[in-house]
Amino acid sequence: MIRSITQKKPEKEIERLLKGLNRIFIIGCGTCVTLTRTGGDPEVRAMKEELSTKGKMVTGQTVVPVACDNLTREFLGDFGEQINQADALLIMTCAFGVQSIARQLSRMVIPALDTLFIGKETAVGLFDEICTQCGTCIIGETGGICPVTNCHKGLVNGPCGGTNHGKCEIDVNKDCVWTLIYNRLMELGRIDSMRKYQKPRNHLGEPKPGKFKLPEA
Amino acid sequence: MPTKFKEALESGKFVVTSEVAPPKGTNLEKFKHHIELLKDKVDAMNVTDHQSSVMRYPSLGGAMMVKEMGGEVILQMTCRDRNRLALQADLLFASSRGIQNVLCLTGDSVMLGDHKEAKSVFDMDSSQLLKTVRTMETGKDLGGNELDGGVSFCAGAIVTPEADPLEPQLIKFEKKLEAGAEFIQTQAVYDLDKFKEFMDYARQFHVKILAGIILLTSAPMARFMNKNIAGVFVPQDLIDEMASAPKGQALAKGIEITGRMIKRIHEEKMCDGVHIMAIGKEEKVPDIMEAAGLI
Ligand code: SF4
Ligand code: SF4
């Protein structure tokens, strides 16, 4: 399953965003941010505490089941009064949730989290960014491992000179994806596909912002 | 017409290149001084391109300065800060101004430099940049459009002979050669027996190879490189030798060691020449060459 990976914004930034806004309604989400412990029930409660000690009035709080779902509006309907009293909604969901709520309620929304990437849980409690939806998938030639996303520089012709002991030049805790691809292709007996020159990538797969409409049946 | 550097490569002589780094700012005095010092001693001077992702005076501007002062220049170009439009445009500009040696690099991560929050580009990589040079030489740009007035370059690339793991690096190296690299300046090598092994492999290709040599300035500097620079391994006996230098004599020791290494590479005809990097100590390059018996 894919998950939206988030991290709490620095306290100073949240303070700045809430400056002059005194009555706050807090919203968490029961899905990804509950799993990553950035916007589930305990975090929402802790945020309430934090705001109270800073002299804010928390008009209410809730954890919606799936913030990015279109049913969120109905769920939040039960909190109409508390939401209406608030100067702003402090939202502890990923940015998909923040935007869904902003569209549905037409209220001032403040994200409390930064959305880092769409991750796959690769081991218990470990999430990796493995695809950035580039629109022109090339992993048919890289053993099913994505260098566009997993190489820090998105290189498609092999490693840069910074690779060190199989790790990436920016972080000894991150694998150099070209070592992984090399090993995988060797295993599969398909190393020739790494030897093939790849021309500069096509960035025109789906010009931003992406849009997809289901064709009429 | 081949560049002077290309002629030197083809002549069979032991080629020596070095590098000069443009300043952070517009005070070009020291930069000019380095060019003045080196221009008649080396076969060509590389001008670095925001080395280590630290913002500086541009390599293209620095290359023009070398040219104006009568030196032979190798323009370093990384793919870190420019997309394919900007890189092609700069190649047009360079060629039109007679800057016709180019070293094609991918470039370091922006995160290693002094503008860590900047957006990095990497629209292309080193092998694609080499191919771009070759494509433009046919009179067309990457979009397949005719160029009104073409370009001509002696294009090169780098390799890390002691990369770990080595095999993926060598695949990339071969791709660079196929993409059109005529010369290679290697990452710094210190273990010359290991370098010879690399050359045994590399000799099968039609490419000129200049061994990268970084001047050791102190034992801690050598240890720092071992720890922090990918693919650079200073053997323990060299570190010990550096450490044995009397106080205040470390640099002289480094020059002696560097000169001795170059001499051995030259005498044993290990490769086609050397690329001397004396980062921050450019004025010592003539001393190194003297210690190597080259001048
Ligand atoms: S190449 Fe990578 S980023 Fe692009 S679609 Fe495929 S997996 Fe995703
Ligand atoms: S070390 Fe590997 S993963 Fe990191 S930027 Fe270089 S090629 Fe990409």
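This is a walk through selected spots in chains A and B, stop by stop. Keep in mind throughout that the model is predicted.

**Stop 1: the parallel sheet of chain A**

Start by selecting the strands β3, β2, β4 and β5 of chain A, and colour them in that order: they make an open, four-stranded sheet with parallel pairing. Look at the two ends next. β3 (57-64) and β5 (109-111) of chain A are the edge strands, each with a single partner, so one side of each has no neighbour in the sheet. Going from one strand to the next, the twist averages 25°.

Now zoom in on one pair. Select residues 23-29 and 88-91 of chain A, which are strands β2 and β4; four bridges link them in the parallel sense. For a landmark, show I26(A), which sits opposite L90(A) in β4(A).

What lies across these strands? Add residues 41-53 of chain A and you get helix α3, which lies across β2, β3 and β4 of chain A. Compare its direction with β3(A): the angle between α3(A) and β3(A) is about 170°.

While you are here, click on R37(A), in the loop between α2 (32-35) and α3 of chain A. R37(A) is not a glycine, yet its phi is positive, at about 60°.

**Stop 2: the antiparallel sheet of chain A**

Which strands come next? Select β1, β6 and β7 of chain A, an open sheet of three strands in that order, with antiparallel pairing. β1 (2-8) and β7 (126-129) of chain A are the edge strands, and each pairs on one side only. Ignoring direction, neighbouring strands in this sheet are turned by 60° against each other on average.

For a closer look, keep β1(A) and residues 113-123 of chain A, strand β6: seven bridges join this antiparallel pair. Show R3(A) and you'll find G119(A) of β6(A) standing opposite.

**Stop 3: ligand 1**

Select ligand 1 and bring up the residues around it: C131(A), T132(A), Q133(A), C134(A), C137(A), I138(A), I139(A), C146(A), V148(A) and T149(A). How does this shell divide by class? Seven of its residues are nonpolar, three are polar and none is charged.

**Stop 4: a hairpin and a cis bond in chain A**

Move on to residues 167-168 and 171-175 of chain A, strands β8 and β9, which run antiparallel and are joined by two bridges. The hairpin between β8(A) and β9(A) goes through two residues. Label C168(A) and D171(A) to see the residues facing each other across this pair.

Then jump to P209(A), in the segment after α9 (192-195) of chain A. The peptide bond leading into P209(A) from K208(A) is cis, with omega near -5°.

**Stop 5: helix pairs in chain B**

Switch to chain B and select residues 29-38 and 59-68, helices α2 and α3: they pack at an angle of about 45°, with axes 10 Å apart. That makes α2(B) and α3(B) oblique to each other, and the crossing is right-handed. Turn on side chains for F31(B), K32(B) and I35(B) from α2(B), and G62(B), M65(B) and V66(B) from α3(B), the residues that make the contact. Sorted by class, this contact of α2(B) with α3(B) has four nonpolar residues, one polar and one charged.

Next, select residues 84-96 and 126-137 of chain B. These are helices α4 and α5, packed at about 50° with their axes 11 Å apart. α4(B) and α5(B) are therefore oblique as well, and their crossing is right-handed. On the α4(B) side, show L87(B), Q88(B), L91(B) and L92(B); they meet L129(B), T132(B), V133(B) and M136(B) in α5(B). By class, that contact of α4(B) with α5(B) holds six nonpolar residues, two polar ones and no charged ones.

Before the last pair, pause at P165(B), in the loop between β5 (154-159) and α6 (166-179) of chain B. D164(B) and P165(B) are joined by a cis peptide bond with omega about 0°.

Finish with residues 236-243 and 250-267 of chain B, helices α9 and α10. Their axes come within 9 Å and cross at roughly 145°. From α9(B), show L238(B), E241(B) and M242(B), which meet α10(B) residues including K253(B), E256(B), I257(B) and R260(B). How many charged residues are in the contact of α9(B) with α10(B)? There are four, alongside five nonpolar residues and one polar residue.

How values were computed: Residues are numbered from 1 along each chain as its sequence is written. Chains are lettered from A and ligands numbered from 1 in the order in which they are written. This is a predicted model: local features need pLDDT of at least 70, side-chain atom pairs count only at pLDDT 80 or more; totals for chains, interfaces and linings use all residues. Side-chain values use heavy atoms; hydrogens and water are left out. Axes are lines fitted to C-alpha atoms, for helices over the stretch in contact, and angles run from 0 to 180 degrees between N-to-C directions. Angles under 35 degrees count as roughly parallel, over 145 as roughly antiparallel, 65 to 115 as roughly perpendicular and the rest as oblique. A crossing is left-handed if the near helix is turned anticlockwise from the far one by less than a right angle, and right-handed if clockwise. Contact means heavy atoms within 4.5 Å. Ala, Val, Leu, Ile, Met, Phe, Trp, Tyr, Cys and Pro count as nonpolar, Asp, Glu, Lys and Arg as charged, and the others, Gly among them, as polar. A residue is near a molecule or strand if one of its heavy atoms lies within 4 Å of it. Two strands pair if DSSP finds at least two bridges between them.
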